[in-house]
Amino acid sequence: MANVKMSKKAASIDMTAMCDVAFLLLTFFILTATAKQQEPLPVDTPASTVQTKLPESDLATITVGKGKVFYDLKGREVRKKALELMGQKYGITFTEDEANRFALMEGFGVPVQNLKQIIAMTSSERNKLGLQPGIPKDSLDNQLKEWIYNSRIANIEVNDNELQIAIKGDAKEEYPQIRKIMDILQDQKINSFNLVTGLRGKDF
């Protein structure tokens with residue numbers, strides 16, 4: 001008796017469900033991801049094996065690179081209070097709108113007398129290389145010291161916590177520049193601070 005040959009049909013898999021899941025995941029990641037803001041002073045931090053993360057709040061970051069110093073502060077209300085205290089110190093009145101814009105800004109590196117012009121700019125404008133000359137830190141006009149001092153007061157008033165300090169220095173920056181920042185901190189009895197490295201580590 002002759003064998004009956006069954007015709008072979010190619011198996012088909014419905015990929016609709018998998019495509020739906022893939023697009024749902026893609027949409028979720030796009031909506032929940034936050035874009036990394038461009039840094040006003042990009043630095044190449046030194047490498048480290050330490051993996052302790054910096055705190056998400058109660059933190060001020062001092063960025064040092066190319067002979068310039070930039071300053072950043074966590075927390076909108078803390079930033080607004082620190083700006084108010086700096087305005088009182090240097091006789092500058094900042095409007096409510098300027099304070100709100102400053103609270104949303106990234107790090108900055110200008111004398112407080114020029115801060116109004118920087119606040120009025122867009123993020124892309126103020127982050128142009130060479131636009132901000134850095135915060136004065138010499139003995140005749142040590143505005144960095146005043147920012148640190150007033151930020152500590154502001155953080156205690158707003159969050160009732162001691163402000164932590166992090167130094168983010170370029171790997172090629174000369175040691176005397178970093179040492180000057182450390183001296184400013186030690187003058188205010190700040191002997192414990194973070195050093196930001198390639199893995200955002202903590203050294204002290």
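These legends go with a set of close-up views of one predicted model.

**View 1. The whole chain, before zooming in: 7 helices and 4 strands.** Starting at the N terminus, the elements run α-β-β-α-α-α-α-α-β-α-β. The chain has 204 residues, and 40% of them count as buried. Its accessible surface comes to about 13000 Å², with 55% of that belonging to carbon and sulfur atoms. If you take the contacts with a separation of 6 or more, 66% of them come from residues 24 or more positions apart.

**View 2. The open sheet, with its strands in the order β2-β1-β3-β4.** The pairing in this four-membered set is mixed, as the 4 strands go. At the edges stand β2 (68-73) and β4 (194-195), and each has a single partner strand, so one side of each is left without a neighbour in the sheet. Zoom in on β3 (residues 164-169) and β4 and you'll see a parallel pairing over 2 bridges. Here A166 sits opposite N194 of β4.

**View 3. Inside the largest nonpolar core, a set of 38 residues.** The residues with the most contacts inside this core are I62, Y71, L115, L144, W147, I148 and I165. Both strands and helices chip in: β1 (59-65), β2, α2, α3, α4, α6, β3 and α7 (175-187) each give two or more residues. I62 is a handy one to centre on. Once you set aside its neighbours within four places in sequence, I62 is in contact with V69, F70, Y71, L144, I148, I165, A166, I167, K168, I181 and L185.

**View 4. A nonpolar patch out on the surface, made of V21, L25, F28 and F29.** Together these four side chains' residues show about 410 Å² of accessible area. V21 belongs to helix α1 (residues 16-32). With 46% relative accessibility, V21 counts as partly exposed, because the partly exposed class runs between 20% and 50%.

**View 5. E77 and K80, a salt bridge within one helix.** The structure holds 10 salt bridges, and in this one the N to O distance is 4.0 Å. E77 and K80 are 3 residues apart in helix α2 (residues 76-90), so about one helical turn separates them. E77 is partly exposed, its relative accessible area being 47%. The pair also belongs to something wider: salt bridges with shared partners join E77, K80 and E96 into one network.

**View 6. E146 and K89, a salt bridge between two helices.** Side chains of opposite charge can pair when their charged atoms come close. For E146 and K89, the N to O distance is 4.0 Å. This pair links distant parts of the chain, as E146 is in helix α6 (residues 143-159) and K89 is in helix α2, 57 residues apart. E146 counts as buried, with a relative accessible area of 18%, because the cut-off for buried is under 20%.

**View 7. R126 and E106, a salt bridge with both residues buried.** The closest N and O atoms of this pair are 3.5 Å apart. R126 is in helix α5 (residues 123-126), while E106 is in the loop between α3 (96-104) and α4 (115-120), so the link spans 20 residues and joins distant parts of the chain. Relative accessibility is 6% for R126 and 8% for E106.

**View 8. Two positive phi values, at D58 and K66.** Most residues other than glycine have a negative phi. D58 has a phi near 55°, and K66 has one of about 55°. D58 is in the loop between α1 and β1, whereas K66 is in the loop between β1 and β2. Their surroundings are worth a look too: D58 counts as buried at 12% relative accessibility, while K66 counts as exposed at 64%.

**View 9. N155, a buried asparagine in helix α6.** The relative accessible area of N155 is 0%. Not counting residues up to four places away in sequence, N155 touches D58, V78, D160, N161, E162 and L163. One of these is D58, the residue with the positive phi in the previous view.

Note on methods
Residues are numbered from 1 along each chain as its sequence is written. This is a predicted model: local features need pLDDT of at least 70, side-chain atom pairs count only at pLDDT 80 or more; totals for chains, interfaces and linings use all residues. Side-chain values use heavy atoms; hydrogens and water are left out. Patches are made of residues with over 30% relative accessible area and no salt bridge: like charges are joined within 9 Å, nonpolar side chains (Val, Leu, Ile, Met, Phe, Trp, Tyr) within 5 Å. Accessible areas come from the Shrake-Rupley method with a 1.4 Å probe; for residues, only the protein chains shown count as cover. Buried means under 20% relative accessible area, exposed over 50%, partly exposed in between (1.4 Å probe, protein chains only). Two strands pair if DSSP finds at least two bridges between them. A nonpolar core is a set of buried Ala, Val, Leu, Ile, Met, Phe, Trp, Tyr and Cys residues joined through side-chain atoms within 4.5 Å. Contact means heavy atoms within 4.5 Å.
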